[in-house]
Amino acid sequence: MRYADLHTHTFHSDGTRSPREVIDLASSHGIEIIAISDHDNLAAYFEIKGYADEAGATLIPAAELSAEHQGIDIHVLAYAVDPLDDRLNERLAKFREDRLTRGHRMCERLLAAGYPISTERVLELCGGGAMGRPHVARALIEAGHVSSMKEAFDQLLRPGRPGFVAKPRFAIGEVVELVHSAGGLTSVAHPSLYPEHRRLVTEVLDLGVDGIEVFHPEVDPESRRFYTALASDRGLMITGGSDDHGTAKTTETLGTVKVEEKHVRPILDRM
Ligand code: AMP
Ligand code: FE
Ligand code: FE
Ligand code: ZN
């Protein structure tokens with residue numbers, strides 16, 4: 001039986017690993033089916049597909065997309081999309097551009113609030129990928145304004161804090177339509193991490209999302225049981241992954257979630 005990790009990040013978004021390191025580390029944990037799901041970015045797929053083929057790993061084209069439902073940020077994972085789909089790529093490129101503009105505004109707001117950081121340093125940490133709050137957080141740590149990622153988010157980068165700037169997001173129906181039209185499937189990421197999540201996730205599923213990420217380091221056993229039953233009731237797929245960001249999060253999680261191949265069937269059948 002083969003195992004999968006369907007949720008990983010690289011330095012093409014807010015992770016710290018290279019795509020090659022993700023493939024190698026996953027392989028060392030006995031994981032042979034891998035989705036690199038960078039925020040708003042498919043670059044890792046193009047970079048590492050040839051290497052994954054040589055290594056005998058199955059690489060699934062994927063991305064984690066930010067959508068909005070009733071003002072709440074809902075992360076939707078896209079799987080088995082055509083990586084060359086024009087409409088999808090144009091939309092992702094626009095989101096990455098918006099993320100850059102937002103990064104600059106966050107630096108300005110932090111400066112005005114008395115937490116100066118170098119915009120050049122944030123750009124450097126981002127390295128041309130999809131910029132996110134973690135890049136700003138790392139610059140804040142380096143500048144000595146906070147001592148951890150958690151402190152950076154809690155004090156400065158969460159909604160309502162001085163450094164927060166909202167970013168444009170998909171509507172749920174829109175992301176579902178776009179991913180489907182690119183030949184892919186969607187899954188709601190880390191379902192238990194949203195406020196009033198049982199109601200919220202149920203509504204999100206009503207809008208056409210195809211699956212639920214029940215295996216995730218931050219999804220507790222009770223929620224996992226609840227969402228597995230919900231998926232079963234509705235005939236939806238269940239997905240899972242480590243959501244590894246390398247050292248950009250407090251814990252490195254690659255290898256801690258191993259999803260049985262049978263759950264990945266609907267995705268593999270699309271490829
Ligand atoms: P953004 O897409 O720019 O709004 O940033 C969201 C990203 O920040 C998520 O994908 C996580 O990787 C990261 N993140 C969110 N909250 C925290 C936190 N409290 N500590 C560390 N990283 C976080
Ligand atoms: Fe992230
Ligand atoms: Fe997420
Ligand atoms: Zn993620």
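Helices, taken as DSSP runs of at least four residues, are numbered from the N terminus. On this numbering, helix H6 gives the most to the lining of the largest pocket, with four residues. The structure described here is a predicted model, and the results below concern its largest pocket, its two iron sites and two residues with unusual backbone angles.

The largest pocket holds about 1200 Å³ of space. Its lining comprises 39 residues, of which His75, Arg133, Phe153, Leu193 and Lys249 are the closest to the centre. Two or more lining residues come from each of S3, S4, helix H3 (86-112), helix H5 (133-142) and helix H6 (149-157). Classified by residue type, the lining of the largest pocket contains 15 charged, twelve polar and twelve nonpolar residues.

His75, one of the residues closest to the pocket centre, also serves as a donor to the iron ion (ligand 3) through ND1. The other protein donors of this ion are Glu64 (OE) and His190 (NE2), and the donors lie 2.1 to 2.3 Å from the metal. The spacing of these donor residues in sequence is E-x10-H-x114-H. Glu64 belongs to strand S3 (residues 58-69) and His75 to strand S4 (residues 72-79), the two being eleven residues apart. Glu64 and His75 are both buried.

The iron ion (ligand 2) is coordinated at 2.2 to 2.3 Å by Asp14 (OD), His39 (NE2) and His245 (NE2). Here the donor residues follow the sequence spacing D-x24-H-x205-H. Asp14 is located in the loop between strand S1 (3-8) and helix H1 (19-28), and His39 in the loop between strand S2 (33-36) and helix H2 (43-55), so the pair ties together parts that are 25 residues apart in sequence. Asp14 and His39 are both buried. A distance of 5.5 Å separates the iron ion (ligand 2) from the iron ion (ligand 3).

Positive phi values occur at two residues that are not glycine, Ala80 and His190. For His190, a donor to the iron ion (ligand 3), phi is near 25°. This histidine is placed in the loop between strand S6 (185-188) and helix H8 (197-206). With a relative accessible area of 8%, His190 falls under the 20% limit and is therefore buried. Ala80 has a phi of about 60° and is found in the loop between S4 and H3. The relative accessible area of Ala80 is 5%, so this residue is likewise buried.

Conventions. Residues are numbered from 1 along each chain as its sequence is written. Chains are lettered from A and ligands numbered from 1 in the order in which they are written. This is a predicted model: local features need pLDDT of at least 70, side-chain atom pairs count only at pLDDT 80 or more; totals for chains, interfaces and linings use all residues. Side-chain values use heavy atoms; hydrogens and water are left out. Donors are N, O and S atoms within 2.8 Å of the metal (3.2 Å for Na, K and Ca); water is not among the atoms, so sites may look incomplete. Buried means under 20% relative accessible area, exposed over 50%, partly exposed in between (1.4 Å probe, protein chains only). On a 1 Å grid over the protein atoms alone, a cavity is a set of points where a 1.4 Å probe fits but cannot get out, and a pocket is an open set with protein on both sides within 12 Å along at least five of seven lines; lining residues have an atom within 4 Å of a point. Grid points are joined across faces, edges and corners, and a volume is the space filled by probe spheres set on the points. Ala, Val, Leu, Ile, Met, Phe, Trp, Tyr, Cys and Pro count as nonpolar, Asp, Glu, Lys and Arg as charged, and the others, Gly among them, as polar.
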